[in-house]
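Student: I would like to learn how the words used for a protein model are justified. Could we take them one by one, setting each value against its definition?

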Amino acid sequence: MKARTCLLVAALVAGVTAGPSALPAAASAPAASSAAQSPDPALDAALAGLPHADATAALVRVGGKDGVRRGRSGVHDLRTGRPADPAGRFRAGSVTKVFTAAVALQLAAEGRLDLDRSARSYLPELIPASYGTVTVRQLLDHTHGIPAPDLPGTTVEEWYANRFQVHDTRDLVRSATSKKPEFAPGTRQHYLNIGYQITGLVIERVTGDTYERQVARRVLRPLGLRDTYYPGTNPRIVWPHNHGYQRMRLDDGTLGLRDVSVWGATDAWAAGDLVSTTADLERFTHALFGGRLVRGSLLEEMFTLPKVTDFRSGEPAAHSVGLSMKVLGGREVWGKTGGRWGYNTAVAATRDGARTLVYSVNSTDAKGRDMNEVAEDIMVAVYGRP
């Protein structure tokens, strides 16, 4: 088994670059490993065999009254092949939206933010009259009808070439709102980042403070999330982290993996630039579902789907304020997934918190059209099939 794993890592590394030069092949790599508090053969199977073509590492934490489970698999990086760090930081991607939504709902509870008031009333100099009826709630549940802004590149190779470009959120909002609405506000749902980028600016306007400081004051510090932070313009993940890789065309024209751990996230900001750990996100999930961050009718906003259909598929809306819902194993599972280059992340729980899940999967195509197979296998192992 060890020999097979070593050969696999060497094969993967052969196509990996961190820039202009190739990385040397790893001498060894660990087989999948997990530390169990309660047996879970299905989760063991989901974590087995890393690294492979779809993922190089995975970290998992399962909690709640149905049992506790801690798991890891794969490698810290393909160059050394040493085991994945279970405490490693990672890019949480759109899980950031749950933090943004929690802060917005806290402000609503304090009477400082009205969910039914228009975004333009808070940002009149930025939101044009053509989007004058879009409410804060519609920003949060993706029923606003504002299209995505223009960003440089149409392929992963072009995006990689622009990975250090610093984006100004206000410029992105101007780009998006200069276009025609995709639909009348409140009539359809289209999951995009732009609603949460505008929400971040609204939070700054009503508090007179930065979005990042508000999240730190209201969420990070009260919960003791010491390994969670906003990177700002720094493209590097601070402190230990398992490297992320992306399959793309390399300088010599072949397809292979690049180390994409260093990549700016200013294109996402309040919609997707958070860095965290599985332990911190598990603590956050328990606090959120337990009503410690948002309470009463405002918490129910996070567990209420708008009665509209999806803009593209025509299926019933799947996204609420901050979360999304999927029926797995015959029960509703609420949570949020996220993807930044090299990293797929999720937080999830049943409504009563009886079964919680946090994972980070170092996917080699984290923004692919289909869900990463390792991430999907973890979700099914914990909750059951759709």
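Tutor: Let us begin with the polar contact, which is a pair of N or O atoms within 3.5 Å, where within protein one must be able to donate a hydrogen and the other to accept it, and where residues adjacent in sequence count only if both atoms are side-chain atoms. This is a predicted model, in which local features need pLDDT of at least 70 and side-chain atom pairs count only at pLDDT 80 or more, while totals for chains, interfaces and linings use all residues. Residues are numbered from 1 along each chain as its sequence is written, and side-chain values use heavy atoms, with hydrogens and water left out.

Student: What makes the pair of Glu 157 and Arg 249 a polar contact?

Tutor: A polar atom of the Glu 157 side chain lies 2.9 Å from the backbone nitrogen of Arg 249, and because the limit is 3.5 Å, the pair counts as a polar contact. Glu 157 also touches Met 248, leaving aside residues up to four places away in sequence, where touching, or contact, means heavy atoms within 4.5 Å.

Student: Why is Glu 157 called partly exposed?

Tutor: Buried means under 20% relative accessible area, exposed means over 50%, and partly exposed is in between (1.4 Å probe, protein chains only). Glu 157 has 29% relative accessibility, so it counts as partly exposed. Glu 157 lies in helix α6, and the helices (H or I, at least four residues) and strands (E, at least two) are DSSP runs, numbered from the N terminus.

Student: Why is His 142 given another word, although it lies in the loop between α5 and α6?

Tutor: The relative accessibility of His 142 is 2%, so His 142 counts as buried. Among the residues that His 142 touches, not counting those up to four places away in sequence, are Lys 97, Phe 183, Tyr 196 and His 319. A polar atom of the His 142 side chain lies 3.4 Å from the backbone oxygen of Leu 192.

Student: How do you know that there is a cavity, and which residues line the largest cavity?

Tutor: On a 1 Å grid over the protein atoms alone, a cavity is a set of points where a 1.4 Å probe fits but cannot get out, and lining residues have an atom within 4 Å of a point. Grid points are joined across faces, edges and corners, and the volume is the space filled by probe spheres set on the points. By this rule the count comes to 1 cavity of 30 Å³ or more, and about 30 Å³ of space lies in the largest cavity. Its lining includes His 142, Tyr 191, Ser 320, Gly 322 and Lys 336.

Student: What makes Lys 179 and Asp 150 a salt bridge?

Tutor: A salt bridge is a side-chain nitrogen of Lys or Arg within 4 Å of a carboxyl oxygen of Asp or Glu. The closest N and O atoms of Lys 179 and Asp 150 are 2.9 Å apart, and the pair forms a salt bridge. This pair links distant parts of the chain, with Lys 179 in the loop between α7 and β5 and Asp 150 in the loop between α5 and α6, 29 residues apart. Lys 179 has a relative accessible area of 27%, so it is partly exposed, whereas Asp 150, at 55%, is exposed.

Student: How many salt bridges are there by this rule, and what others can you show me?

Tutor: The count comes to 17 salt bridges. One of them joins Asp 171 and Arg 174 at 2.9 Å, N to O, and both residues lie in helix α7, 3 residues apart, about one turn of the helix. Another joins Arg 351 and Glu 300 at 2.7 Å, N to O. Arg 351 lies in the loop between β12 and β13 and Glu 300 in helix α11, so the pair ties together parts that are 51 residues apart in sequence.

Student: What makes Asp 168 a cap of α7?

Tutor: A side-chain oxygen of Asp 168 lies 2.9 Å from the backbone nitrogen of Arg 170, and Asp 168 caps the N-terminal end of α7. Within this helix, Leu 172, Val 173 and Ala 176 are among the buried residues, and what covers the buried residues of α7 includes α8.

Student: How confident is the predictor along the chain?

Tutor: The score is pLDDT, the predictor's confidence in each residue, from 0 to 100. The chain averages a pLDDT of 92, and 90% of the residues score at least 70. However, pLDDT stays under 50 over residues 1-15 and also over residues 17-36.

Definitions and conventions
On a 1 Å grid over the protein atoms alone, a cavity is a set of points where a 1.4 Å probe fits but cannot get out, and a pocket is an open set with protein on both sides within 12 Å along at least five of seven lines; lining residues have an atom within 4 Å of a point.
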